[in-house]
Amino acid sequence: MAPAQSDLCRPTGRTWRKHRHESGWSRLLFVFRVLICSLVIISLVLYKFCDSAFLPICHLPRFWLAGPCNGLADPLPPGVNSTTCPQWTALRPTKHRGLSEDLDVAYSSEDFKQKAIQALGDAVRVPTESYDDNGPVGEDSRWDTFAELHRVLEASFPRVYESLNVTKVNTYGLVFHWQGSTSAKPYILTAHQDVVPVEGQTVKEWKHDPYSGYYDGTWIWGRGTCDDKSDLIRQLLAIDSLLKEGFSPARTLILSYGFDEESKGIEGAGHLARYLEQTYGRDSFALLLDEGDLYTDMGGIVFATPSISEKGYLDVKITVSTLGGHSSVPPPHTSIGLLSRFITVVEDNSHQASLSRTGTPFATTQCLAAYNPVYPEDLRKLARKAVADDTALKVLQERLLASDPLYKAMLGTTQAVDLVEGGVKVNALPERASAVVNHRIAEHSSVGELQQHMIDLLTPLATKYDLALVAFGSNVTCGGAGQVVLSDFLGTALEPSPVTPTGYGPWALLQGSIKAAFESSPTRNSSKVVIIPSLSIGNTDTQFYWNLTKHIFRFSPSFDTDRFNGEHTVNEAFRADSLNEGVRFYTKFILNVDESDLP
């Protein structure tokens, strides 16, 4: 009978005495055997408690980890750590503990709530609409309304304007510079001043005027209350509160507020990013926090879902040109008919989804599988197996795609034919017809890959109908019956964003600040909070800030239920109680970053 494992790993007295007289080689062999046995025991322990015998899976980054490492397939409580979705506990300021606690009390007062409501209402009453066809600042008078918003902000926050260095970039972009006392890298909080226009024919559908800023006792009504003036106002309220208490930062803080995020972002954040890079340098900031995803309650657990990456973007315009003439003598296919064939080929060949272990959607799925108590049990087990099993990964992808259309948008490049035009008269052959296909490019893909996909897809059709194909400035095929041109509509091509790291450092600090804000809130008072990384399928102003830092987060400290009817639609309204709680988060975050050991 083989000896027990403990006997194998413990030399007997006789064996030890024998080894005293053996050569150095034998001693080395003995030590090697002991090492092997030790690794066996460690592997068994890891397999028991972490569902894996491989050290890297159970190794978690340093910092204040939430609890013991656990990778089992059952749902975990928020206080237990997961090997596939590391959690950090609440991070409360230590150096400024008294200040933080005093402000927690202040933020719970009715006086502070009313101040916050007034500040947001005043900002909403200025209709800072931005349009897709806005001209440059200085040439288009529609930008002038932002000057009024600046007057309102200065009247609401005189202490901020007096204490911080305020710079205006391209007239209406705002940069607030709060100088720190150390040489640590500065960091950035961003928001945007503009809102999407209110369609005139929908005004009668609003419960309250869209620019009233009306408070009904629960909701603050008006365009921009949700997107994004609430974030801007809550950040300024946090800064104002800290200044009032005499706080002076060790680390420099920058507030950067664009004014055309809802259109192109070029006039606002585009100029702001260049200014900041010229002033501070490339990769000169510790982190950046912008608007983004929210809190969601799932089965009694609060999930905060900061976005760590964004999909890319490309609008492809397909233009078909053929000879005109009288409709009484038509060719087999007009330019409109040919365009319809190109559109059909595009729609019949959608992009393949891909669930990659290195992608953000996989990380999101692992977190939901680990902590969401209402997650389907079969998917939970399948997700756990997919960590190392390729077959399980493929099945998981298929199951996710079948479960919700949102997964198709998360896992692959999407396409939508949104614009089409052609023809000027019923008895005249159309000489030109065009369509625009909107693409949101998958995290794992690129603009170049998408362009090549379109070329490969449409070249056979162009050849079939004897059309010359010109794709993105290059001649692809020749033809005598006409021409088809593929182009970047409006020149707005955007690569998928870099993916923010989620190890120790800024990500852990953000996690800890979110949890501390919840635990210190007298109304929320909850430790049942899980932070999971997510992918944004839309684009924010962060697209302009990639050169400034590798740590970019997109997160708004509000519940999805704090928005009456969402944003960009009628009856946009924001829950007043969320103002206080958002200020609480920004305060914790500012103090924690200021005290941190980040570079």
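This report describes selected helices, helix pairs and individual residues of one protein structure.

## Overall picture

The structure is a predicted model. The protein contains 18 helices and 20 strands. Of its 599 residues, 51% count as buried. Among contacts in the protein with a separation of 6 or more, 75% are accounted for by residues 24 or more positions apart.

## Helix α11 and its surroundings

Helix α11 covers residues 335-348 and has 14 residues. From its first C-alpha to its last, α11 reaches 20 Å, which is close to the 20 Å expected at 1.5 Å a residue. The buried residues of α11 are Ser-335, Gly-337, Leu-338, Leu-339, Phe-342, Ile-343, Val-345 and Val-346. The elements that cover these buried residues include the strands β11 (312-321), β12 (414-422), β13 (432-441), β14 (467-471) and β16 (482-488). The cover also includes a helix, α16 (447-464).

Two of the covering strands, β12 and β13, are linked by a loop in which Gly-423 is found. Gly-423 has a relative accessible area of 42%, so this residue is partly exposed. Not counting residues up to four places away in sequence, Gly-423 touches Ile-336, Pro-430 and Arg-432. Gly-423 and Thr-334 lie 89 residues apart in sequence, and their C-alpha atoms are 9.9 Å apart in space.

## Three helix pairs

Two packed helices are described by the angle between their axes and the distance between the axes. The table gives these values for three pairs.

| Helix pair | Axis distance | Crossing angle |
|---|---|---|
| α6 (residues 110-124) and α9 (residues 229-244) | within 10 Å | roughly 135° |
| α12 (residues 360-371) and α13 | 9 Å | about 130° |
| α13 (residues 377-385) and α14 (residues 390-403) | within 8 Å | roughly 140° |

The axes of α13 and α14 cross at roughly 140°. That angle makes α13 oblique to α14. The crossing in which α13 passes α14 is left-handed. On the α13 side, Asp-378, Leu-379, Leu-382, Ala-383 and Lys-385 take part in the contact. They meet Ala-392, Val-395, Leu-396, Arg-399 and Leu-400 in α14. By class, the contact of α13 with α14 has 7 nonpolar and 3 charged residues, and no polar ones.

Helix α13 also packs with α12, at an angle of about 130°. That angle makes α12 oblique to α13. The crossing of α12 and α13 is left-handed. Here Thr-365, Gln-366, Leu-368, Ala-369 and Ala-370 in α12 meet Arg-380, Ala-383 and Arg-384 in α13. The residues of this contact of α12 with α13 divide into 4 nonpolar, 2 polar and 2 charged. Ala-383 of α13 thus appears in the contact with α12 and in the contact with α14.

The axes of α6 and α9 cross at roughly 135°, and these helices are therefore oblique to each other. In this pair, α6 passes α9 in a right-handed crossing. The residues that α6 brings to the contact are Phe-112, Lys-115, Ala-116, Ala-119, Leu-120, Ala-123 and Val-124. Their partners in α9 are Lys-229, Ser-230, Ile-233, Leu-237, Asp-240 and Ser-241. By class, the residues of the contact of α6 with α9 comprise 8 nonpolar, 2 polar and 3 charged.

## Backbone features

Most residues other than glycine have a negative phi, and most peptide bonds are trans. The following sites depart from these patterns.

A cis peptide bond, with omega of about 10°, joins Asp-227 and Asp-228. Asp-228 is placed in the loop between β6 (219-221) and α9.

Phe-472, a residue other than glycine, has a positive phi near 50°. This residue is in the loop between β14 and β15 (474-477). Because its relative accessibility is 22%, Phe-472 counts as partly exposed.

Leu-490 is not a glycine either, and its phi is positive at about 70°. Leu-490 is found in the loop between β16 and α17 (506-519). With 61% relative accessibility, Leu-490 counts as exposed.

The strands that precede these two loops, β14 and β16, are among the elements that cover the buried residues of α11.

How values were computed. Residues numbered from 1 in each chain as written. Predicted model: local features only at pLDDT ≥ 70, side-chain atom pairs only at ≥ 80, totals over all residues. Heavy atoms only, no water. Helix = DSSP H or I, 4+ residues; strand = E, 2+ residues; numbered from the N terminus. Expected span 1.5 Å × (residues − 1). Buried < 20%, exposed > 50% of the residue type's maximum accessible area, 1.4 Å probe, protein only. Contact = heavy atoms within 4.5 Å. Axes fitted to C-alpha atoms, helices over the stretch in contact; angles between N-to-C directions. Parallel < 35°, antiparallel > 145°, perpendicular 65-115°, else oblique. Left-handed = near helix turned anticlockwise from the far one by under 90°. Nonpolar A, V, L, I, M, F, W, Y, C, P; charged D, E, K, R; others polar.
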